[in-house]
Amino acid sequence: MSKPNNLILQTATALIAFILLGFSVYLFFAGHNSPGGGFIGGLVTAAAVVLLYMAYGIDFVNKILPINFRALISVGLLVAFLTGVGSFLFDVPFLSHTFGYFEFPIFGEVELATAMLFDLGVYLTVVGVTVTIIINIANDTKAEV
Amino acid sequence: MSNLAILPLIIPAISGVIVAFTNSHVKTTRLLTKLFTLIGLAVAMFVAYTVFTDGAIILETGGWIAPYGIILVADKLSILLVLTTNIIATAAVFYAPNSLSLRQETHYFYTFYFMLIAGVTGAFLTGDLFNLFVFFEVLLMASYALIVLGGDKVQLRESIKYVLINLFSSMLFVTAIALLYGAVGTINMAQIAERVAEVEQTGILTTIAVLLFFVFGTKAALFPLYYWLPRPYIVPNPVVSALFGALLTKVGIYSILRVFSLIFIHRTEITHEAFIWIAGLSMVFGVIGALSTNNIKLIISYNIIPAIGFIIMGLGIFNLDALSGSIYYLVHDMIIKSALFLLVGVIAYVAGTSDLKKMGGLIHHYPLLGWLLFIAAFILAGIPPFSGFIGKLLLLRGALSADEIAITLIALLSSLLILYSVMKIFIRGFWGEKDETKTYTKKPSLGLILPIVGLLAISVFLGIGAEFVYPSIEGIAEYLLDPQIYIDSVLKE
């Protein structure tokens with residue numbers, strides 16, 4: 001069977017996927033003060049990954065992205081739950097959050113909040129769920145994602 | 001410390017995530033599941049003990065005070081149900097490895113099981129109407145997965161019905177919450193109760209109350225809304241049926257109990273009067289269903305409906321005796337229904353069929369199973385020394401003191417028919433000549449029998465030890481009759 005030539009799609013994807021990934025990271029970090037957050041960030045990341053799958057095929061992307069997306073769901077949930085449980089250590093009510101200001105070499109003074117850890121859990125779960133659903137439906141062969 | 005209130009919820013949630021990692025190693029998963037479930041049971045016992053000695057635990061998550069943040073309320077009613085949930089979960093988890101196929105176990109059964117328990121516990125503990133919706137969805141999502149697990153044709157067919165009806169009622173639930181939020185401007189149950197009391201439940205609020213009742217009535221399978229329940233509940237594995245039959249409808253009935261004893265209590269001539277009618281009709285139609293079939297699983301499944309009728313009858317009458325009867329019956333019914341579902345699962349397994357017409361003379365081969373079913377039938381119907389009796393006695397006493405003669409007669413008659421419907425399994429399946437042509441080679445393992453024996457023992461204790469249990473139940477009923485206690489403990493004004 002002859003392989004179709006997707007030179008344009010693949011070249012464009014190489015560019016767009018990285019812009020999408022960068023945008024998703026921006027959305028993830030922007031969530032505290034402007035529209036964005038873990039959910040939409042995760043969806044945009046998943047869109048980038050799905051675009052890679054569309055352009056390069058499942059086998060190739062599995063090689064360059066050796067991530068078990070199903071395990072990513074569990075990791076994300078665990079991060080989110082543990083963020084809540086972490087408040088037990090400081091004897092404050094469940095899911096209490098705190099924040100502080102830190103000095104970084106390039107960014108200068110940055111406000112870091114523990115709510116971001118919870119958002120990281122949401123982000124990982126959303127990426128895992130979305131990619132797992134799409135790959136399982138798209139793949140006719142027995143998927144071991 | 002107020003964080004105690006989150007523990008019964010967060011332990012199954014985290015356990016579910018942890019066993020998802022060990023999914024492919026079945027032995028490790030089974031061991032971890034049993035361990036985590038036992039930890040959950042011990043914690044639930046401890047929290048229940050704390051609540052019954054020191055009073056309700058209110059957890060304001062994130063440190064945001066009551067009407068503004070999400071709160072979890074572990075009061076006597078909710079913690080009693082959480083404890084019962086954990087007891088049933090423990091029985092189910094010891095039964096599961098003997099009953100499930102390896103393929104089902106490695107397809108994340110234990111994760112979904114833990115998520116179901118977390119959802120049910122959350123629904124019991126929450127003090128906020130929208131979170132109640134979220135926990136309903138958590139437990140429903142897990143139940144969707146559990147009902148199709150295995151992928152038989154019949155499971156796929158019944159799950160479609162189940163998912164559609166539940167999606168529809170969830171959508172109505174969101175609509176009802178939106179309307180209520182539009183009317184009173186809050187979703188915290190204590191503050192809703194306060195504001196509804198201020199305007200003495202005007203017309204629109206009663207409409208919303210009926211809409212909410214419609215939603216919870218669908219989840220709890222009350223009279224006109226029960227048609228979806230019996231068949232989807234019998235298609236999955238017996239252990240899943242037991243969890244569903246014992247927990248899911250009871251979450252609906254708990255929500256009705258909570259909402260109509262705390263918030264919408266000012267127009268009882270409309271709402272609570274209707275409950276008595278619905279209760280009577282649920283009993284009648286439920287037992288008719290149970291009598292109509294020869295499928296032993298379907299008989300037990302139909303028996304859920306009259307039990308829900310009994311519980312809501314107590315709420316409709318709304319006096320001390322009837323409410324304590326409702327709560328007693330709720331706890332009793334959760335335990336006995338799970339025991340019965342597990343038991344008919346074993347019977348159908350050893351007989352190779354769930355059709356009564358193809359059985360007979362099982363007592364010659366399985367005397368223990370037969371007598372367990374006999375005791376379970378007596379407990380279910382409410383024969384005096386057992387737990388069903390105390391609940392029904394209190395309910396009937398409450399009904400008679402409120403001069404509700406018709407419902408009393410219906411309740412007594414339907415009890416008789418419930419006994420007959422379950423005894424039919426015993427008479428047709430276990431009695432009879434020893435059939436030499438059939439060979440019974442399947443032996444139920446100890447792992448299948450012990451959880452049932454354990455549940456029946458608790459049920460027998462609830463009946464015989466009524467002197468010990470009843471004061472706590474009556475305390476809950478008194479607490480429910482005075483919503484001001486709940487409001488004050490949450491809003492702390």
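Begin at the boundary between the two chains of this predicted model. Select chain A and chain B together: about 1300 Å² is buried between them, and carbon and sulfur atoms account for 79% of that area. To see which parts of chain A contribute, select A:F81, A:F88 and A:F94; these residues lose the most area to chain B, and together they make up 39% of what the chain A side buries. The size of an interface is often expressed in this way, as the accessible area lost when the parts come together. For the contacts themselves, display the 16 residues of chain A that touch 17 residues of chain B.

Next, hide chain A and show chain B as a cartoon. The cartoon presents 21 helices and two strands. The radius of gyration of chain B is 22 Å, close to the 23 Å that the globule rule gives for 493 residues, so chain B is as compact as a globular protein of that length. Along its principal axes, the C-alpha trace spans about 75 × 55 × 45 Å.

Now turn to the packing of chain B. Of its 493 residues, 64% count as buried. Among contacts with a separation of 6 or more, 81% are between residues 24 or more positions apart.

Switch to a surface representation of chain B. About 17700 Å² is exposed, with 68% supplied by carbon and sulfur atoms. Colouring by charge will mark 27 positive and 27 negative side chains; the centres of these two sets lie 18 Å apart.

Return to the cartoon and select helix α15 of chain B, residues 320-351, which contains B:S338. Is B:S338 buried or exposed? Its relative accessibility is 1%, so B:S338 counts as buried, the cut-off for that class being under 20%. Display its surroundings as sticks: beyond residues up to four places away in sequence, B:S338 touches B:I88, B:A242, B:A246 and B:L455.

The last stop is helix α18 of chain B, residues 405-430, where B:L419 is found. With a relative accessible area of 19%, B:L419 is buried, because the class takes in values under 20%. Which residues outside its sequence neighbourhood are in contact with B:L419? Leaving aside neighbours within four places in sequence, they are B:A377, B:F378, B:A381 and B:I383. To finish, draw a C-alpha to C-alpha distance from B:L419 to B:A377: the two are 6.3 Å apart in space and 42 residues apart in sequence.

Conventions
Residues numbered from 1 in each chain as written. Chains lettered and ligands numbered in written order. Predicted model: local features only at pLDDT ≥ 70, side-chain atom pairs only at ≥ 80, totals over all residues. Heavy atoms only, no water. Helix = DSSP H or I, 4+ residues; strand = E, 2+ residues; numbered from the N terminus. Rg over C-alpha atoms; globule rule 2.2 N^0.38 Å. Buried < 20%, exposed > 50% of the residue type's maximum accessible area, 1.4 Å probe, protein only. Contact = heavy atoms within 4.5 Å. Areas by Shrake-Rupley, 256 points an atom, 1.4 Å probe, with all protein chains shown as cover. Lys, Arg positive; Asp, Glu negative; His and termini not counted. Charge placed at Lys NZ, Arg CZ, Asp CG, Glu CD. Buried area = accessible area lost by both parts, 1.4 Å probe.
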